[in-house]
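Let's take a friendly walk through the inside of a protein, looking at the empty spaces first and then at the elements packed within. Please have the model open beside you.

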Amino acid sequence: MSRLTRRTVLGAGLAAAGTGLLTACSGSMNGMDHPSGGGGTSPASDYLGPDSKEVGATEALRKPGPERRFTLTAVETPLDLGGGRTVRSWAYGDELPGKEVRVTAGDTLALTLANHLPEATSVHWHGLALRNDMDGVPGLTQRDIRPGGSFEYRFAVSRPGTYWLHPHSGVQQDRGLYAPLIVEDPKEPLTYDKEWVIVLDDWVDGVDGSTPDAVLAELSKGMGGMDHGGMDHGGSGSGGMEGHDMSNMSMTTSKSRKSASPSPKPAGPSRMLMGATSDLLGGDAGDVGYPHYLINGRTPDRPQTFTAEPGDRIRLRVINAGGDTAFRLALGDHAFTVTHADGYPVAHTKADALLLGMGERLDALVTVGSGAFPLTALAEGKNRTALAVLRTGGGSAPTASARPKELDGKVVHGGQLKAAESVRLEPGRPDRTIEFELTGSMMTYNWAINGRKYDPAQRYPVRSGERVRLSFVNSTTMWHPMHLHGHTYALADGGARKDTSIVLPGKRLDVDFDADNPGLWMIHCHNVYHAESGMMTVLGYLK
């Protein structure tokens, strides 16, 4: 087996990260190193790459502590989803989700990924502010981990919280390649009796011949090129706008990222979803009609059961690992107290239900009664659910049809929360503002940022020490969960510290962060099909 290390990868150079000239950004974005930001025309040599000494110097400031070693093996394997459903997919080992990685803030995480897949892969550490050369984006921060190869990820973990890991290679995340990453706080301020990690997912791989690559191939034709006869029209959500944007958005000619795998012919039944709407998401809820929705890798027919004692206080760590689905989560006959968003503490907030877009995490406390209760995750706008069971006493187990009344109560999402005083960003005016217009439509499936599909050579410049404002302007008729790598930003007016946020159609979202982690960092929609179609770009630190 060939083995890649950080030193050998960076010594050989990164094909896309350090060569070529940057192309000018279209639209209203201006210039090079200009306070308004913009896709620069500076040569790549003007940017700090993942092998720059500044990356190592920043890592040293984190004071790496005791080493915690892990091994993951990415394999093709059968997976039991419960209820007699077994599918063949790709996963870390033979578990779904993959085995939890748990460390303590201050540790050095050392994880070796062995790739036994037929394709190249990688691991991205979603939500962590880590060294740039360990971020796991092939062609930008590292080379692909090729079949039969391995790679050691090694970095300091500085902040506690609920995170997760997944590939950044094609649409592999929409298979079974994901796992929770829990960073414990050595000075944990919360008190609770038990902890329940809850991973939400939408599932298509291996069902009736479907694969995520085939789904992408179908979606990429757009609605204009499809035979709509077999299309999944799904279940409508609660009101909202009708369907997808039908306007014929113009295609750009900029270079787009190639998928990690060849574009296959569509396989299995049509998975294109029509007519799914949600008021909470501003209209169109999603592109893909999944056959299954899962909590911790199980279908509602055979759900996971979590046991506790009446009166126990349980900490829920909820992760949305889905590819195209927002989830609304509720626990029957109970209310939540939300404590964290994307790993950072928030002012405690009461909620009947939680709404999470893809990539988002929420932590909550709940004091449990006596009995058996449904933990139901409604696929927002798609009229399907996932289920787990909390059992603290006798009684019949909830069935797959359970719909707790709390789903229609007070629904809380990350954009409504306020940061705890201890983690609020210091007040300050931005030194630089970068506007990202989210563009595209379902008609041609040409999702992009500022009208340009992803090109790893195009970077939006920032400088270390700046306060940077990112302005996401959603010109589409669909919501987008936008994710920033390597940093945590603050929402306006004392809002939560986050790394992934829902941007509603027709709306603008301004977020601020301090540029304190040099390198090349992706910004992208965490709908895996939108991202792979082109809704990604790069934030680059200037020398």
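## What counts as lining

A cavity here is a set of grid points where a 1.4 Å probe fits but cannot get out, and its lining residues are those with an atom within 4 Å of a point. Bear in mind as you look around that this is a predicted model.

## The second largest cavity

With that definition in hand, let's begin with the second largest cavity, whose volume is about 80 Å³. One part of its lining comes from Gly-127, Leu-128, Ala-129 and Leu-130, and another from Phe-155, Ala-156, Val-157, Ser-158 and Arg-159. Tyr-163, Tyr-344 and Thr-488 complete the list.

What is the chemical character of this lining? Eight of the residues are nonpolar, three are polar and one is charged.

## The largest cavity

Searching the whole structure turns up three cavities of 30 Å³ or more. The largest of them holds about 110 Å³ of space. Its lining is made up of 14 residues, and those nearest the centre are His-168, Gly-170, Gln-173, His-524 and Val-528.

Which elements contribute to this wall? Strand β33 (520–525) and helix α4 (528–533) each provide at least two lining residues, and α4 gives the largest share, with three. By class, the lining of the largest cavity counts eight polar residues, four nonpolar and two charged.

## Helix α3

Helix α4 appears again when we turn to α3, since it is included in what covers the buried residues of α3. Helix α3 spans residues 212–220, and eight of its nine residues are buried. They are Pro-212, Asp-213, Ala-214, Val-215, Leu-216, Ala-217, Glu-218 and Leu-219, so two charged residues, Asp-213 and Glu-218, are found among the buried ones.

Just past the end of α3, have a look at Gly-222: the backbone there adopts a positive phi of about 75°.

## Strand β31 and its partner

In a regular strand, side chains alternate between the two faces of the sheet. Is β31 (residues 500–503) covered on one face or both? Both faces are covered. Thr-500 and Ile-502 are buried on one side, while Ser-501 and Val-503 are buried on the other.

Strand β31 runs antiparallel to β28 (residues 480–484), and four bridges join the two. To find your place in this pairing, look for His-483, which stands opposite Thr-500 in β31. Thr-500 is thus a handy spot to revisit, being one of the buried residues of β31 as well.

Methods
Residues numbered from 1 in each chain as written. Predicted model: local features only at pLDDT ≥ 70, side-chain atom pairs only at ≥ 80, totals over all residues. Heavy atoms only, no water. 1 Å grid on protein atoms, 1.4 Å probe; cavity = no way out; pocket = protein on both sides within 12 Å on 5 of 7 lines; lining within 4 Å. Points joined across faces, edges and corners; volume = space filled by probe spheres on them. Buried < 20%, exposed > 50% of the residue type's maximum accessible area, 1.4 Å probe, protein only. Pairing = 2+ DSSP bridges. Contact = heavy atoms within 4.5 Å.
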